[in-house]
Structure formats: C-alpha cells, structure tokens
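Colleague: I'm new to this one and would like some help reading it. Could you walk me through it step by step?

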Amino acid sequence: AGASLGARFYQQIKRHPGIIPMIGFICLGMGSAGLYLLRLALRSPDVCWDRKNNPEPWNRLSPNDQYKFLAVSTDYKKLKKDRPDF
C-alpha cells in the first residue's frame with residue numbers, strides 16, 4: 001500500500017534537495033507570523049482579556065508607554081501627559 005506521509009516527504013527531499021531552503025523559509029515565515037499574532041494578543045492595549053477587573057485597558061496607558069511594534073523617530077521617555085484622567 002502507501003507509505004506514511006513522513007516517509008514520502010523524506011523521499012521527495014532526497015530526490016529534490018533544492019526544496020530544502022523553500023521549506024525553511026516557509027517555516028520561518030509561519031513561525032514569525034505566529035509570534036507576531038501572539039504579541040498582538042498579549043501586548044496590544046486594544047485587546048481586553050479580563051473585562052471584569054480591567055474593562056478599558058487603553059485608559060491605563062501612560063504617555064511614555066511604547067505599544068507600537070517599531071517607533072522610528074519617537075522617544076517615548078520624553079513624552080508628557082496631555083490628556084485628562086478619567
């Protein structure tokens with residue numbers, strides 16, 4: 001009958017070794033996309049996991065909290081508060 005999926009995959013890699021870098025880049029892309037989604041779910045101020053104790057997590061941010069992934073020209077440590085407390 002048929003060989004297992006892992007055995008067929010190994011045979012294809014033995015026959016065509018040029019697909020090894022492609023598989024590596026696909027795995028790297030999928031891994032980095034998964035890590036970015038995990039970062040968005042855990043660190044973003046727009047996501048609320050505990051509605052009972054913290055219904056509005058974006059109100060707890062101070063002006064010098066960096067929540068963007070990459071801040072090119074903004075130094076968050078020098079920002080001052082310019083909004084009222086609620």
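**Reading the model**

Modeller: Happy to. Keep in mind that this is a predicted model. A good place to start is burial: of the 86 residues in the protein chain, 7% are buried.

Colleague: And what does the secondary structure of the protein chain come to?

Modeller: Two helices and zero strands.

Colleague: How much accessible surface does the protein chain have, and what share belongs to carbon and sulfur atoms?

Modeller: The accessible surface comes to about 8,000 Å², and carbon and sulfur atoms hold 60% of that.

Colleague: Where does UniProt place the "transmembrane region"?

Modeller: The unreviewed UniProt entry puts that feature at residues 19-42. You can then look at what the model does there: residues 19-42 are 96% helix and 0% strand, and the C-alpha atoms at the two ends lie 35 Å apart.

Colleague: Now contacts. Among those between residues at least 6 apart in sequence, how many join residues at least 24 apart?

Modeller: In the protein chain, 11% of them do. For a pair of residues with 30 positions between them along the chain, take Arg39 and Phe69: their C-alpha atoms are separated by 9.2 Å. Arg39 sits in helix α2.

Colleague: Is Arg39 buried or exposed?

Modeller: Neither label fits, because buried means under 20% relative accessible area and exposed means over 50%. Arg39 has 25%, so Arg39 is partly exposed.

Colleague: What about Leu38, where is that placed?

Modeller: Leu38 is in helix α2 too. Its relative accessibility is 46%, so Leu38 also counts as partly exposed.

Colleague: Which residues form a nonpolar patch on the surface?

Modeller: Leu38 is one of them, along with Leu35, Leu42 and Trp49. Together they have about 520 Å² of accessible area.

Colleague: Let's try Pro57. Where is Pro57 found?

Modeller: Look in the segment after α2, the helix that spans 20-43.

Colleague: Why does Pro57 count as buried?

Modeller: The cut-off is under 20% relative accessible area. Pro57 has 15%, so Pro57 is buried.

Colleague: And which residues does Pro57 touch, leaving out those up to four places away in sequence?

Modeller: Pro45, Val47 and Cys48. Val47 is ten residues from Pro57 in sequence, and their C-alpha atoms are 7.7 Å apart in space.

How values were computed: Residues numbered from 1 in each chain as written. Predicted model: local features only at pLDDT ≥ 70, side-chain atom pairs only at ≥ 80, totals over all residues. Heavy atoms only, no water. UniProt positions renumbered as here; feature names shortened; annotations may be inferred. Helix = DSSP H or I, 4+ residues; strand = E, 2+ residues; numbered from the N terminus. Buried < 20%, exposed > 50% of the residue type's maximum accessible area, 1.4 Å probe, protein only. Contact = heavy atoms within 4.5 Å. Areas by Shrake-Rupley, 256 points an atom, 1.4 Å probe, with all protein chains shown as cover. Patch = residues over 30% accessible without salt bridge, like charges linked within 9 Å, V, L, I, M, F, W, Y side chains within 5 Å. Salt bridge = Lys/Arg side-chain N within 4 Å of Asp/Glu carboxyl O.
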